Amino acid sequence: MEHLDQQERDQIWEKIQEALMNEQIDQFRAEFLELHPYDQAKIFENQDEYIRFLIYSYLSPEEVADVIEQVDSELVEAFILEMNPTYASHVLAEMSTDDAVDILNHFDKNKVASFLTIMEKDSANEIKALLHYEEKTAGSIMTTEFVVVQINQTVKEAMRHLRKEAPDAETIYYTYVVDANKRLAGVISLRDLIIAEGDWLISDVMSDRVVSVQVGEDQEEIAQMMRDYDFLALPVVDFQNHLLGIITVDDVMDVMEQEASDDYSKLAGISLADRSDDNPISSARKRLPWLVILLFLGMFTASIIGRFEETLDEVAILAIFIPLIAGMAGNTGTQALAVAVRSIATGEFEKQGKASIIIREAFTGLITGTSCGIIITLVVFVWKGDFFLGLLVGFSIMATLIVATIAGAVVPIIMHRLNIDPAVASGPFITTINDIISILIYLGMATAFMNLLIH
């Protein structure tokens with residue numbers, strides 16, 4: 001099935017909508033269900049509430065579940081809430097357990113209890129088993145829909161069991177092996193099962209070198225592990241090595257997107273909950289705390305400039321270069337911060353070591369600072385005809401860029417060592433800190449060499 005662009009989806013939707021509005025249910029179902037669930041979801045997301053209600057009435061909860069699993073995560077909550085509660089509970093029951101849990105985690109306890117009460121008992125129990133795990137851990141993103149075989153089974157018995165359980169499993173490319181006490185004993189690939197003789201024992205063909213994660217492991221570390229090992233799935237165990245569930249590669253892709261959004265939000269100094277579809281009042285309420293903190297930091301920066309009032313009175317031309325030096329410090333600090341946060345997030349930090357990263361950024365700051373310093377010295381000299389003023393601004397730029405680059409690398413590393421998310425050392429904070437440093441360097445040097453600036 002080929003990928004559809006938005007124009008092709010719009011063309012297909014015109015035919016589907018005609019059948020929908022004319023109550024040609026069979027034609028609508030034939031056209032709509034022929035599409036890939038992703039394309040169904042993209043079409044579904046762009047419809048108004050009336051059209052969505054028609055779609056709910058023409059599709060079964062199982063069919064809608066396939067669509068909802070592909071819908072943008074920011075929209076899912078609203079779609080579930082607009083459905084009839086009984087219909088919504090059936091949709092949630094038909095979804096992969098981990099996906100249903102992800103959705104229910106956004107609702108209050110009373111709403112969750114309402115859905116679970118309506119839901120069929122077995123599905124409700126599977127969801128309840130995952131709901132109590134802490135968010136952003138292995139337990140919260142794993143699925144319990146997987147196939148296990150016993151270590152003492154034959155390959156023929158295991159294949160018979162696999163054929164029976166495969167329709168409800170999220171993946172069958174890896175089959176996990178447990179012992180009599182349900183402890184994880186090994187793993188066997190689908191290929192190895194297929195080529196093995198039917199009377200061979202599972203214990204003889206499985207691999208006992210199986211990589212697993214604890215149920216409380218952080219989801220970001222799991223994503224790194226699956227990337228490093230190129231796994232399609234990863235088993236989740238408790239402290240006694242009992243197999244509890246598996247994490248599949250599609251779950252990890254969601255984690256990577258979530259973590260990237262989380263880090264971006266923190267780097268930008270905004271709340272992760274700040275969504276593009278929020279109203280202005282809601283967005284302002286979420287952003288205001290950050291802005292108030294930065295406002296007071298800005299006042300501190302202003303008070304520092306005030307301490308050099310006499311210097312600025314004597315040589316007023318110094319003031320025009322303050323935005324330039326502060327801006328350069330903020331820019332280079334944010335660049336170093338982004339590199340450091342990325343190194344920590346991707347695991348490069350552990351491989352290279354903090355000293356290596358700091359030294360690399362220091363030399364980078366030295367090279368960029370020297371280059372920019374020389375350029376600005378020449379520019380100011382040609383512009384203002386004052387070589388010493390150009391030298392002062394150029395040397396300030398050089399010193400500022402070196403210090404700002406090191407600060408941008410060191411701050412997130414320190415936070416990481418203190419078990420604080422390094423992304424909270426966000427761009428606005430690094431920018432403000434470097435503003436203070438750059439102003440102290442620039443005006444401090446100007447004050448020290450005042451006699452050379454006054455003609």
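Start at helix H3. Select the buried residues of H3 and look at what covers them: the cover includes helix H1 (6-21), helix H2 (25-33), helix H4 (49-58), helix H5 (61-68) and helix H6 (73-82). This is a predicted model, so keep that in mind at every stop.

Now select H3 itself, residues 37-45. Seven of its nine residues are buried, and the helix is mostly covered. Show the side chains of Asp39, Gln40, Ala41, Lys42, Ile43, Phe44 and Glu45. Those are the buried residues of H3.

**The whole chain**

Zoom out. The protein chain holds 24 helices and six strands. Of its 455 residues, 44% count as buried. How much of the contact set comes from residues 24 or more positions apart? Among contacts with a separation of 6 or more, such residues account for 68%.

**H8 against H10**

Select helix H8 (residues 97-104) and helix H10 (residues 121-131). Their axes are 9 Å apart, and the two helices pack at an angle of about 65°. The crossing of H8 past H10 is right-handed. Show side chains on both. From H8, pick Thr97, Asp98, Ala100, Val101 and Leu104. They meet Glu126, Ile127, Leu130 and Leu131 in H10. Colour this contact by class: six residues are nonpolar, one is polar and two are charged.

**Valine 112**

Move to helix H9 (residues 109-118) and pick valine 112. Is valine 112 buried or exposed? Its relative accessible area is 11%, and under 20% means buried, so valine 112 is buried. Beyond the neighbours within four places in sequence, valine 112 is in contact with Leu104, Phe107 and Leu131. Leu104 is one of the H8 residues in the H8-H10 contact, and Leu131 is one of those from H10. Draw a C-alpha to C-alpha distance from valine 112 to lysine 128: 9.8 Å in space, for 16 residues in sequence.

**The three-stranded sheet**

Next, show strands S1, S2 and S3. They form an open sheet in the order S1-S2-S3, with mixed pairing. Strand S1 (148-150) and strand S3 (184-189) stand at the edges. Each has a single partner strand, so one side of each is left without a neighbour in the sheet. Neighbouring strands of this sheet are turned by 35° against each other on average, direction ignored.

Select strand S2 (residues 174-178) together with S3. The two run antiparallel, joined by five bridges. Centre on valine 178, which stands opposite leucine 184 in S3.

**Two loop residues with positive phi**

A reminder before the next picks: most residues other than glycine have a negative phi.

Pick aspartate 230, in the loop between helix H15 (219-229) and strand S5 (233-237). Aspartate 230 is not a glycine, yet its phi is positive, about 55°. Turn on the surface. Aspartate 230 has 63% relative accessibility, so it counts as exposed.

Then pick asparagine 241, in the loop between S5 and strand S6 (243-248). Phi of asparagine 241 is also positive, near 70°, in a residue other than glycine. Its relative accessible area is 30%, so asparagine 241 is partly exposed.

**Annotated spans**

Colour residues 288-305, 317-341, 362-383 and 389-415. The unreviewed UniProt entry annotates them as "transmembrane region". Take residues 317-341 alone: the span is 80% helix and 0% strand, with its end C-alpha atoms 38 Å apart. Now take residues 389-415. This span is 100% helix and 0% strand, and its end C-alpha atoms lie 38 Å apart.

**Into helix H23**

Finish at helix H23 (residues 427-448) and select asparagine 434. With a relative accessible area of 2%, asparagine 434 is buried. What does asparagine 434 touch, not counting residues up to four places away in sequence? Show Ala329, Gly330, Gly333, Ala404 and Ala407.

Keep H23 in view and add isoleucine 430, which is also placed there. Isoleucine 430 is buried, with a relative accessible area of 2%. Draw the C-alpha to C-alpha distance from isoleucine 430 to alanine 329: 9.2 Å in space, across 101 residues of sequence. Ala329 is among the residues that asparagine 434 touches.

Definitions and conventions: Residues are numbered from 1 along each chain as its sequence is written. Side-chain values use heavy atoms; hydrogens and water are left out. Buried means under 20% relative accessible area, exposed over 50%, partly exposed in between (1.4 Å probe, protein chains only). Helices (H or I, at least four residues) and strands (E, at least two) are DSSP runs, numbered from the N terminus. Contact means heavy atoms within 4.5 Å. UniProt positions are given in the numbering used here, feature names are shortened, and annotations may be inferred rather than shown by experiment. Axes are lines fitted to C-alpha atoms, for helices over the stretch in contact, and angles run from 0 to 180 degrees between N-to-C directions. A crossing is left-handed if the near helix is turned anticlockwise from the far one by less than a right angle, and right-handed if clockwise. Ala, Val, Leu, Ile, Met, Phe, Trp, Tyr, Cys and Pro count as nonpolar, Asp, Glu, Lys and Arg as charged, and the others, Gly among them, as polar. Two strands pair if DSSP finds at least two bridges between them.
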